[in-house]
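Visitor: I have a model open on my screen, and I would like to know what stands behind the words people use for it. Could you walk me through it?

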Amino acid sequence: MKAFLLALGVLTAISASPALAQRPDRNVELPVVRSFHWFDFVAANDIRAACVPGGRSHLRLIYNALWEEQVRAYDIYLQPDGVAGMNIGVLEGQGNVTTGITNMLISNPKDIFAPWSMKGGQRILTFEETRELMASLEESRAFGPPKDGMRLPDNDFWWTVASCRNGVWGFQAYHYPTDGFANVTFAARLFSWDKVPIPVNPPRKLEPAELRRDWNAPLHRARADRWMLVVGKDGLRPR
């Protein structure tokens, strides 16, 4: 446990460095940093702040496949020549952050968080692939406006799409099995390009989110799945 606390302190100090703050995806790669930045990341506050005429066109799509099971994030950078760069990040097993820590042999302080760190991948989308994706997003009304007041529990399936296209901000959300989730036609394309070796967690029928919360879980499980996002008129409402 002393080693764990030492590693936590080291990583907290590292997370404050300017170099890590330069890339928004770096702010959610490690669990100790993710806890401070995740909601801003999903809200895409960095994209919104930089969304000005002449700026970079940037999309961020989040697939929450139950926080404690899997989350997939896609950052897409549209280029003037019609192609796009795509960064992929996958999280899994976020519900329990302490199991197995005391049994780990730590050679590098960052190794202690390896099981819960974001697994990444990259891909260049061709002109045709980019065109197909954008058409699918348009078809799915992914650029907004969203349904004001929609609730996105951590332990449900949902998508969010934040976008800045040619200086215009947009936001959309889809909550399974309601609110147009069936119209998410872009998901199949993204999943086909996603080569991160963690199988996609598909939506499945579940009881209402509140009935699946284990409020009496023991403290040693350190559950991290106790949050709710609420959609506003043009993005996520502040928490």
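Visitor: How many disulfides does the structure hold?

Guide: The structure holds 1 disulfide. Before we go on, this is a predicted model, in which local features need pLDDT of at least 70 and side-chain atom pairs count only at pLDDT 80 or more, while totals for chains, interfaces and linings use all residues. Residues are numbered from 1 along each chain as its sequence is written, and side-chain values use heavy atoms, with hydrogens and water left out.

Visitor: What makes Cys-51 and Cys-164 a disulfide?

Guide: A disulfide here is a pair of cysteine sulfur atoms within 2.5 Å. The sulfur atoms of Cys-51 and Cys-164 are 2.1 Å apart, so the pair qualifies. The torsion about their S-S bond is about 90°, which makes the disulfide right-handed.

Visitor: Which parts does the pair tie together?

Guide: Cys-51 lies in the loop between H4 and S1, and Cys-164 in strand S6, so parts 113 residues apart in sequence are tied together. Helices (H or I, at least four residues) and strands (E, at least two) are DSSP runs, numbered from the N terminus.

Visitor: Are we looking at buried or exposed cysteines: what holds for Cys-51 and Cys-164?

Guide: Both Cys-51 and Cys-164 are buried. The word buried means under 20% relative accessible area, exposed means over 50%, and partly exposed is in between (1.4 Å probe, protein chains only).

Visitor: Why is the contact of Asp-46 with Arg-60 called a salt bridge?

Guide: The term asks for a side-chain nitrogen of Lys or Arg within 4 Å of a carboxyl oxygen of Asp or Glu. For Asp-46 and Arg-60 the N to O distance is 2.9 Å, so the name fits. The pair links distant parts of the chain, with Asp-46 in helix H4 (residues 45–49) and Arg-60 in strand S1 (residues 57–65), 14 residues apart. Asp-46 and Arg-60 also belong to a network of salt bridges with Asp-75. A search of the whole structure finds 10 salt bridges.

Visitor: Why is Arg-60 called buried, and what about Asp-46?

Guide: Arg-60 has a relative accessible area of 1%, so it falls under the 20% limit and is buried. Asp-46, at 31%, sits between the two limits and is therefore partly exposed.

Visitor: How do you know that Arg-72 and Asp-194 form a salt bridge?

Guide: Their closest N and O atoms are 2.8 Å apart, so the pair meets the 4 Å limit. Arg-72 is in strand S2 (residues 70–78) and Asp-194 in the loop between helix H6 (187–193) and strand S8 (228–230), 122 residues apart. Arg-72, at 0% relative accessibility, counts as buried, and Asp-194, at 9%, is buried too.

Visitor: What makes S6 and S7 paired strands?

Guide: Two strands pair if DSSP finds at least two bridges between them. Strand S6 (residues 157–165) and S7 share 8 bridges in the antiparallel sense, so they pair. Ser-163 stands opposite Gly-170 in S7. S2 and S3 are also antiparallel, over 9 bridges, with Gln-70 opposite Glu-92 in S3.

Visitor: Why are S4 and S7 called edge strands?

Guide: The open sheet of 6 strands has the order S4-S3-S2-S1-S6-S7, with antiparallel pairing. Strand S4 (119–125) and strand S7 (168–175) each have a single partner strand, so one side of each is left without a neighbour in the sheet.

Visitor: Why is S3 described as mostly covered?

Guide: In S3, 8 of its 9 residues are buried.

Visitor: What makes a group of residues a nonpolar core?

Guide: A nonpolar core is a set of buried Ala, Val, Leu, Ile, Met, Phe, Trp, Tyr and Cys residues joined through side-chain atoms within 4.5 Å. The largest one has 30 residues, and those with the most contacts inside it include Leu-61, Leu-137 and Phe-186. S1, S2, S3, H5, S6 and H6 each supply at least two residues of this core. Apart from it lies another core, of 25 residues, among them Val-42, Ala-43, Cys-51 and Leu-152. In soluble globular proteins, nonpolar side chains tend to be buried together.
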